[in-house]
Amino acid sequence: MTIVPVPRVGVIVVAAGSGTRLGAGGPKALVGLDGRSILHHALERVFAAPAAQVVVVAPAGREGDALTEVLATAGDRRDLVGVVTGGPTRQESVAAGLAALWADVEVVLVHDAARALTPPVVFERVIDAISAGAPAAIPVVPVVDTIKRVEGAEIVAAVDRSELAAAQTPQGFRRDVLDAAYDSATADFTDDAALVAAAGHEVAAVAGDALAFKVTTPDDLDRARALVAEHPSPRPAGTARLAAPHASPRVGIGTDVHAFGGEGALWLAGIEWPGEPALSGHSDGDAVAHAVVDALLAAAGLGDIGMHFGTDKPEYAGAHAAVFLARTRAILGEAGWRIGNVSVQFQANRPRFAARRAEAEAALSSALGGAPVSVSATTTDGLGFTGQGEGVAAYAVALIEPA
């Protein structure tokens, strides 16, 4: 087993913004640049920087989408990543990321996902400044425009731009300094450097980069899209896009339970059972298919069914096995895995399964792109809720392999 060293650096990637000014109709970090999202591009550069624990702060309800992007870009650093839910303000989102950092982390970088093209060398400069003794450091670029002080419609005076610089991210801090500043904060600040400065600490400046601009408006998005082709995404040496992190297969276990009492027909093991009582659930209650989903996601380390298909996802209300399994297969594929085989057993007194075993296995296998699925059924001799005819329990084991 490979032992992954614990890094002393943690990077909080803030990706919870609503993107109102961008006008894209959804969270800014998940808007596409070239068929891949802003967050995807930001993470490729984060993972090309020095090794760090990476915590992505995602929009509420979109944690599964963020996790997919994380695992599609992390390469052999997948053991160092995680996703948490953001808050209503940037400061609350960063606080959520701070709470998720390991105790061993000594240096914290806070980075806006919207600065998706920030070169990895900027991360290195910030880390070096903290390592050299600065309690805080931020990348800056000179202000090149002539700046005027304005009151209403009147220009009052010119401002000496030699004293000005535009702040960028990642902004870096000693862990103890940032933790203390957040613990004592009594107001919201525009960025973490302002919060730390208000707590009485000096903030060092390091060279930023023109590519580290923030995607805020439609014009910014157009600029980023034009630049992506000119500046290919960097990746850690030895990794390929969407490459699986290990050379060996992985195994996952999944379980699911649903009670009888739903509306309509029974759907189980990917097929309809006319005349049988339906199972209750957010979707169709197919415990067999749901156990398979959980086993596959567990094998890949991609969360669980609640994260990707939970009750907060109305698009999956009433959905059948084919929808869940096809999407799960896609999630694994995006993360560099292919499905080897799945074995699942369910416990129930009804329906009688043997006569339709082949049909069920074919339906489940088809939804998984042809990966073999074996299904068995058993009763529990009248024991427990399944034996008493109250519901169905299913248990699945899945094998996945690097794509």
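Reader: How many bridges join S11 to S16?
Author: This is a predicted model, in which local features need pLDDT of at least 70 and side-chain atom pairs count only at pLDDT 80 or more, while totals for chains, interfaces and linings use all residues. Residues are numbered from 1 along each chain as its sequence is written, and side-chain values use heavy atoms, with hydrogens and water left out. Strands (E, at least two residues) and helices (H or I, at least four) are DSSP runs numbered from the N terminus, and two strands pair if DSSP finds at least two bridges between them. S11 and S16 run antiparallel, and the number of bridges joining them is 10.

Reader: Which residue in S16 stands opposite valine 257?
Author: Strands of a sheet pair through backbone hydrogen bonds, either parallel or antiparallel. S11 spans 250–259, and S16 covers residues 391–402. Opposite valine 257, in S16, stands alanine 393.

Reader: What is the strand order of the open sheet?
Author: The sheet has four strands with mixed pairing. Its edge strands, S11 and S15 (373–378), each pair on one side only. S14 (residues 337–347) pairs with S16 in the antiparallel sense over 10 bridges, one of the bridged couples being glutamine 345 and tyrosine 395. The order is S11-S16-S14-S15.

Reader: What angle does helix H8 make with S11?
Author: Helix H8 (residues 287–300) packs on the sheet and touches S11, S14 and S16, where contact means heavy atoms within 4.5 Å. Axes are lines fitted to C-alpha atoms, for helices over the stretch in contact, and angles run from 0 to 180 degrees between N-to-C directions. The direction of H8 makes with that of S11 an angle of about 150°.

Reader: Is valine 288 in helix H8 buried or exposed?
Author: Valine 288 lies in H8 and touches Leu268, Ala269, Val344, Phe346, Leu364 and Ala394, not counting residues up to four places away in sequence. The classes are buried under 20% relative accessible area, exposed over 50% and partly exposed in between (1.4 Å probe, protein chains only). With a relative accessible area of 0%, valine 288 is therefore buried.

Reader: How much accessible area does the nonpolar patch of Val251, Ile253 and Val397 have?
Author: Patches are made of residues with over 30% relative accessible area and no salt bridge, like charges being joined within 9 Å and nonpolar side chains (Val, Leu, Ile, Met, Phe, Trp, Tyr) within 5 Å. Isoleucine 253, in strand S11, counts as exposed at 63% relative accessibility. Areas come from the Shrake-Rupley method with a 1.4 Å probe, and for residues only the protein chains shown count as cover. Together the three residues have about 290 Å².

Reader: How many residues of helix H2 are buried?
Author: H2 (residues 63–73) is mostly covered. Its cover includes helix H1 (38–48), strand S2 (53–58), strand S3 (81–85), helix H9 (305–309) and helix H10 (321–334). Of its 11 residues, the buried ones number 10.

Reader: Which residues are joined into one network by salt bridges that share partners?
Author: A salt bridge is a side-chain nitrogen of Lys or Arg within 4 Å of a carboxyl oxygen of Asp or Glu. Aspartate 192 and arginine 90 meet in one at 2.8 Å; aspartate 192 lies in helix H6 (residues 192–198) and arginine 90 in helix H3, so this pair ties together parts 102 residues apart in sequence. Aspartate 112 and arginine 115 meet in another at 3.8 Å. The network joins Arg90, Asp112, Arg115 and Asp192.
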